[in-house]
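Please take a moment with the sequence and the structure shown here before reading on. The paragraphs that follow lead through them step by step.

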Amino acid sequence: MTEALFKTLLQICLLLAISPLVTGFIRMLKARLQTRRGPGILQPYRDLHKLLRKGMVIPQTSSWLFAATPIVLFSTSVLAGLLVPMLSAAAPLSLFGGVLALVYLLGLGRFFLALGGLDTGGSFGGLGSSREMTLSALAEPAMMLAIFTVAIGANSTSLSEIARVAVGQQWRFLAPSQILAFVALFIVIIAETGRIPVDNPATHLELTMIHEAMILEYSGPRLAWIEWAAWVKQLLLMSLLINTFWPFGLQTVWSVAGVVTSLGWLLLKLAVLSCCIVLVETTNAKLRLFRVPELLASAFTLSALALVSTFLF
Amino acid sequence: MGRLLAEAFFNGGLAACLAGALAGLAFASRPALARVLSFGLALLGAALEVAASVFALTLEASPSWSLPCGVPLFSWTIRLDPLSALFSLVLGLLAGVVSLYSWGYLHNAAGGRGVGLIGFFYNILLLSLALVFTASNAFFFLLVWELMALSAYCLVCFHHEKDETRRAGALFLIMSHAGTGLLLVAFLVLAISGSSLDFQNFHHLFSKLPPQLRTAVFLLFFLGFGVKAGVTPLHVWLPAAHPVAPSNISALMSGIVIKAGIYGLARVFFDFMDVPPLWAGMLVLAAGILSGLVGVLYALMEHDLKRLLAYHSIENIGIILTGFGAALMFRSLGQPRVAALALIAGLYHTVNHALFKCLLFLGAGSVLKATHTRNMELMGGLIRRLPATAFFFLVGAIAISGLPPLNGFVSEWLTYQALLAGFGTTQSLTRLMFPAAGALLALTAALAATCFVKAFGIVFLALPRSQRVEEAREVSSSMLAGMGILAAACVGLGLGATLFLPVFDPITHQAMGVRLSSALVASGGVAVFAGTPRGGAVSTPGMAAMLVLLSGIPAFFWLIWGRHARRTTGPAWDCGLPGLGPENQYTATAFSKPLRLIFAAFYRPRREVQAEFEVSPYYPTAIRFESEIESSFEKRLYEPVKTAVLALASRMRTVQAGSIHAYLAYIFIVLVLLLLFGARG
C-alpha cells in the first residue's frame, strides 16, 4: 500500500516536473533547426510560474463550466499519465485502467475543454471546439486499431503487461507489424498533441487555430493548468509510444538502481523522439484543415496493415 | 415464499397500472385529479414491479404463474426468469421516474386537455411492457406486443393536430405492424415444430428445425424485433416518432419501448437458439456497427434536440447489438466464456442506455417546457436559467459519450474487451472482424462525444439566441427529482459496476452455462477485470477518487498564489468589432460543418446561399442560407418500396369493381379452385 502510494507520488512529481522540460526542449530544437535563437529550454517553467501568480480576466458570458474545465483537464491528464509505465514496466495505477481507460480519460478532458471553448460565447471558442472534436474523432479509429495491434500481441490491454511483454522481446520493434503500428501511432500522437502538420501550437491565426482557439479566453492560473495539462498529455503519449515500441533499458523490477536506470533511458529516448517530432514539424507545412482527414485515414490504413501483418508474420 | 412474494408484487403492479388507466379515463374531465391519480398509481405499480423483479433475481428457480383470465389453449403464463427480471427491473425504475416527472411535466400542459387520456394510455403502455418482458406464451406475447404498439401509437399521436405528428404516427404504425407480421410467422413455425405455444418448449428449439427453416426463422425474428429496436436500415420510423410524442413519453419510448426489441432478440438469440451458425453472429455484429455509425452521423446533423436524441438511440442499439453479435459469434466458435463477456457487455449497455437516454429525454423535455422550442439554434445560455437541468443533462451527456467514470464507459469497455478477446478465439480470417469492429466502435463513441459537446454547448452554454430562451425558468421539483434519480443511477452504475455485475450471472448461466462475475470482479471489489488473468483491469471508483485527489493540486496552488490575484470579468474577444452578440456565436450547423464536408459522400449535403447587396457582393445587406442533407434511407430504400406498393394497390383496385356479379364470380372461381386442389389433399 505504502509502496503503491510512493510510486504514485513519484510518478506525479515526474510528470509535472519533466513535461515542461520536454516542451522546452522541443521548442529549443525547433528554433535551432530554423536558425533562430529562441527562448531557453527552461522557458515553460518561467511561463508557468508567471501565469500561476497572475490575475484573470473571465468572459462575462461564461458559467461554472469555464472554471471547472482547467481542473478537469489537468486531473484527467495526470491520471492518464499514472496509467503509463515510465520508471518501471509496472505503471503505478495499472489496476485503475489500461490503454482503453487512458484513451477515454483523455477524451473526458477533451470533452470539457471543448465545452469550455463554447462557453465563452465568442466565435473562436466554437471554431476550436468544432475542429478539435472532429479531428480527434477521426483520429480515434486509427489510434484504437494501432493499440489493438499492440494489445493483441501482449494479450492484454494493461499497459504494464504490454510493457513487460515488450521488454521480453527487445528487438520486436523491427517486426513489420510493430513498425507500421508505430508510424500510425506517431501520426495520431502528432494530431492529438496539436503539432504541425495538423495544428500549429505557435499560431494565433484564426484560419488555422484549433487548440489555441479553444483556450483563447483563458488567462492566469487557469491558462497555466490548461498548458500544463497539454504538456503532461504530450509527455504521456510520448512515453506510451517509447515504452511500448522501444523498451530498451526499462526495468521490470522496482528498486532504486532500476528506477534511476529507467529514468536515464526514458530521458534519452524522449530526446530521440523529440528530435523526430521536431524534424517532422520543421520539414512539413501545416495541412489545410480538410486535408487532415486524409492524413488520419492514412494512419488508419497503416494500423489496419499492422493488424493484418500480425496475422501473416 | 420468495416466489409467492414475486408473484404477488408483480400482479399487484399490474393491478395498480390497470387502476391508474381506469382512473385516467374516469376523471378525464378533471385533469388535476386524473394527473395525480393515474401517475400516482403508475408510480406505485412501478415500485411493485421493481420489488417483484428484485425478488425474482434472488431466487434460484424462476417463478412462473398464470393470470386467471386465459383460455385453455392460450394460457396467460408469466415467467420471471433472470432475463425477464432484468428488463422488468429497468422498466420499473424508468416507469417510476417518468411517472414522477410527469406529475410536474403535465401540470398546466395545454390547459390540462387530455391529461386523463395520456394517463390512460400511459398506464396501458406500462402494463403491456411489463407483460411483454415476462409473457411466456407465444400467443400471449404477441397480444401484449400488439397492445404495446397500439398504446405507444396513441401516445405518439397525442398532438395529432400537427401534420408532422400524424405522418410520424402512421409510419410508426405501419412499420410496427410489418414487424409484428414477421414475428407472427416466426412464432407459428416454432409453435408447430415445438407443438406448444409455451416459451419453455422453445428453449433450444432451433436445433430441431431443418436448416433452411432455421435460417428463415432467424431472419424473421431478427427483422421483426429489429424494427422495434430501430436497427439500421429499419430505423426510419424512430427519429420521426420519438420526438413528436410528449417528452415524458419520448423518454419512455427511447428508454424502454425500443428495448422490447432488444429483449426479443436476446430471448431468441440466447434462449430459443442453441449454437448458431457463424454467419448469424456476423450479420448481427455488422448490423450493430452499421446502426452505430449511421445513428451517430445523422445525430450530428440534427438541430432538433429530441430528434438528435432519437438518432442516438439508434447508435446505442448498434452498440448493444455489437455485443450480442460478438456473443453469437463466440458461441459458434465454441468459446462460452468470451460469449458470456460479450453478452454481459450488451446487456449492461442496454441497462445503461435505458438510464441515460431516459435522463436526456427528460432533460430535453424540461428545456422544451421552459422554452417551448425543440430547435437548438434558438437556445443557448440555459445553464444560468436552468442550472439543475443543465447539470443533470451534462451527467447524461458524459454517460452517453462513454466517458469515465460513468456507466457508459463501463459497458463500452466491456464491449472492447470482448472484441479483443475474440481475436484469439479462432485462427481464420474472421478474427480480423473483431478489431475492425472495435475501431469502428471507437469512431462511433468519439463522434457521439462530438455530438454531445454540440448538444450541451449549443443548448446550455454562452448567450441566449432568442427572446423566449431568455425568459426560461427552472422546472418544477418533481421533474428535477426524476432527472436527479436517473443521474444518480448513471453515476451509481458507473462507480458500482463491480456490485452490479453479479446480476448478469444467472442470465449467462441460463444462456451459456457460465457464471463470469467472480472472474470479472476482483481485488476487493474495486476493479473490473477483462475475464482473463492478465487481460487488463479498470476501476471506476479508483479513477473517480484519483480525479478528486488530483484536482487538489490546482486547489493548493490557488491557496498559496491565486487567492490574492485580481479577477476581472470582461467581454470575450470580438476581433476589435465591439458588441459581441448571440449572432456571432457558433451555431449547431456551424459546429457540425467540418463533419458535413468530410462525410459529404454519405450526407450528400445541399446548400443554397442568397446574398442581397447594394454596392458590391462583398458588402451584403441580407443573407439567406439554406442547407439540408439527403435522407438516403428514405429516398433510396423506402421510396421505391412505397411506390411499388402503391402501384400494386392501384392495380388491385380494378378487381374491386363494386359489382355484385363480379364478386359472385370470384367466389365461384375460388370454390372451384379449392375443390380441385383442396380435395386432393
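Helices, taken as H or I runs of at least four residues, and strands, taken as E runs of at least two, are DSSP runs numbered from the N terminus. With that numbering, Pro197(A) can be placed in the loop between α7 (176-192) and α8 (211-214) of chain A, and a cis peptide bond with an omega of about 10° joins Ile196(A) to Pro197(A). This is a predicted model, and that should be kept in mind for every detail below.

Another loop of chain A, the one between α5 (123-154) and α6 (159-168), holds Asn155(A), whose phi is near 60°, a positive value in a residue other than glycine. In chain B, a cis peptide bond joins Thr232(B) and Pro233(B), with omega at about 5°, and Pro233(B) belongs to the loop between α8 (211-229) and α9 (238-244) of chain B.

How far can the prediction be trusted by its own scores? For the complex, the predictor gives an ipTM of 0.96 and a pTM of 0.95, while chain B has a mean pLDDT of 91, with 97% of its residues at 70 or more. Among the elements of chain B, helix α15 (residues 387-400) has the highest mean pLDDT, 97, and strand β3 (residues 521-522) the lowest, 75. Where pLDDT is low, the predicted coordinates should not be read in detail.

Chain B itself is divided into domain 1 (275-520 + 585-612) and domain 2 (632-678), and the centres of these two domains of chain B, taken over C-alpha atoms, are separated by 44 Å. Elsewhere in the description of chain B come two helices, α12 (residues 305-332) and α13 (residues 336-371), whose axes come within 7 Å and cross at roughly 170°. Because of that angle, α12(B) is roughly antiparallel to α13(B), and the contact of α12(B) with α13(B) has 18 nonpolar, seven polar and three charged residues.

What joins the two chains? In total, 70 residues of chain B are in contact with 71 residues of chain A, and on the side of chain B that touches chain A, helix α17 (residues 433-460) of chain B gives the most, with 13 residues. By class, that side of chain B has 47 nonpolar, 18 polar and five charged residues. Strands also link the chains, since strand β1 (residues 56-59) of chain A and strand β6 (residues 567-570) of chain B run parallel and are joined by four bridges, and Ile58(A) has Thr569(B) as its bridge partner in β6(B).

Technical notes: Residues numbered from 1 in each chain as written. Chains lettered and ligands numbered in written order. Predicted model: local features only at pLDDT ≥ 70, side-chain atom pairs only at ≥ 80, totals over all residues. Contact = placed C-beta atoms within 7 Å. Nonpolar A, V, L, I, M, F, W, Y, C, P; charged D, E, K, R; others polar. Pairing = 2+ DSSP bridges. pLDDT = per-residue confidence, 0-100. Domains from an automatic or database assignment. Axes fitted to C-alpha atoms, helices over the stretch in contact; angles between N-to-C directions. Parallel < 35°, antiparallel > 145°, perpendicular 65-115°, else oblique.
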